[in-house]
Amino acid sequence: MAAAVPIDPLCRILTVQRSVLGTWWSMRLCDPFWRVYLNEQPGAEMLHPGGVHRLVPGRIHLMPAWIAYTGRCRDPVEQLYVHADLADWGRGIFTAPVALPPDPAMCDTLRGLMGAAAWSASGRLRMRSFVLAALARAVEQLPGEAQDALLSGLAGDDPVSSLRRFVEEHLTEDLDLRRLSAACGLSPRHLGELFRARTGRTPMAYVRERRVAHAA
């Protein structure tokens, strides 16, 4: 049997902004997209189910999707941030914010991509490359078993991965369980049971999630 062809994670850049946070920044967040933060001063942090994550200045921080956060800030802080839709990638594996090791060159790259530069033809590709490079650094910090689980989820012959890819390619079309199961080569019942066991939700709930995320 031929080796499975891995499915690369999708990466759609939604927002690229520079802003100044203040004490007003007390936001409750739980979204279907990832956040990349670079703060230039101390004073901001993210509360999450596992504790408190301080946004140390001069470091790249990743906020995985689907985790409940509350952001708070005690002093004015300049923040560079990116929102990226990764189509459910890493869900259940990344369960807390990630601070990447100090890397001044990486921080300078993000600074250079702020503003109009992020939305030029080359800038869009460079920003996507930046986010994927940051994700790769985050993956390197995971335990070995978590990296293995992430890799298995990218396998081209995995029905759940195949369904996710099919949904992304046909999101604007009529999708029902019969069509999804046919695309994966499984019966509707088998697909429903497998998808629920692997992800904790039904295939149709996933379709609705992805439509909401795409609309964002």
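# Asp85, helix 1 and the aromatic pairs

Asp85 touches Leu10, Cys11, Arg12, Leu14, Pro32, Phe33, Arg210 and Ala213, when residues up to four places away in sequence are left out of the list. The structure shown above is a predicted model, and this briefing looks in turn at Asp85, at helix 1 and at the pairs of aromatic rings.

**Asp85 and its surroundings**

- Asp85 belongs to strand 8, which covers residues 77–85.
- With a relative accessibility of 4%, Asp85 counts as buried, because buried means under 20%.
- Among the residues that Asp85 touches is Arg210, and between these two side chains there is a polar contact of 2.8 Å.

**Helix 1 and its two sides**

- In helix 1, which covers residues 104–112, the residues Met106, Cys107 and Leu110 are buried.
- When one looks down the axis of helix 1, its buried residues fall within an arc of 100 degrees, and therefore they line one face of the helix.
- As a general point, an α-helix has 3.6 residues a turn, so residues three or four places apart point the same way.
- Pro104 and Ala105, by contrast, are exposed and lie on the other side of helix 1.
- The cover over the buried residues of helix 1 includes strand 3 (34–39), strand 6 (60–63), strand 8 and helix 2 (121–140).

**Aromatic pairs**

- A pair of aromatic rings is described by the distance of the centres and the angle of the planes.
- The count of aromatic pairs comes to 5, and one of them is formed by Trp25 and Tyr37, which meet edge-to-face at 6.5 Å centre to centre with 70 degrees between the planes.
- This pair links distant parts of the chain, since Trp25 sits in the loop between strand 1 (12–21) and strand 2 (27–29), while Tyr37 is in strand 3, 12 residues apart.
- Trp25 counts as buried because its relative accessibility is 3%, and Tyr37 also counts as buried, because its relative accessibility is 3%.
- The rings of Phe195 and Tyr206 have centres 5.5 Å apart and planes at 55 degrees, so this pair is tilted.
- Because Phe195 lies in helix 6 (residues 188–199) and Tyr206 in helix 7 (residues 203–215), the pair ties together parts that are 11 residues apart in sequence.
- Phe195 and Tyr206 are both buried.
- Elsewhere, Trp34, Trp89 and Phe94 are linked into a cluster by ring pairs.

Technical notes: Residues numbered from 1 in each chain as written. Predicted model: local features only at pLDDT ≥ 70, side-chain atom pairs only at ≥ 80, totals over all residues. Heavy atoms only, no water. Helix = DSSP H or I, 4+ residues; strand = E, 2+ residues; numbered from the N terminus. Buried < 20%, exposed > 50% of the residue type's maximum accessible area, 1.4 Å probe, protein only. Polar contact = N/O pair within 3.5 Å; in protein donor to acceptor, adjacent residues only side chain to side chain. Contact = heavy atoms within 4.5 Å. Arc of directions from axis to C-beta. Phe/Tyr/Trp six-rings, centres within 6.5 Å; stacked < 30°, edge-to-face > 60°.
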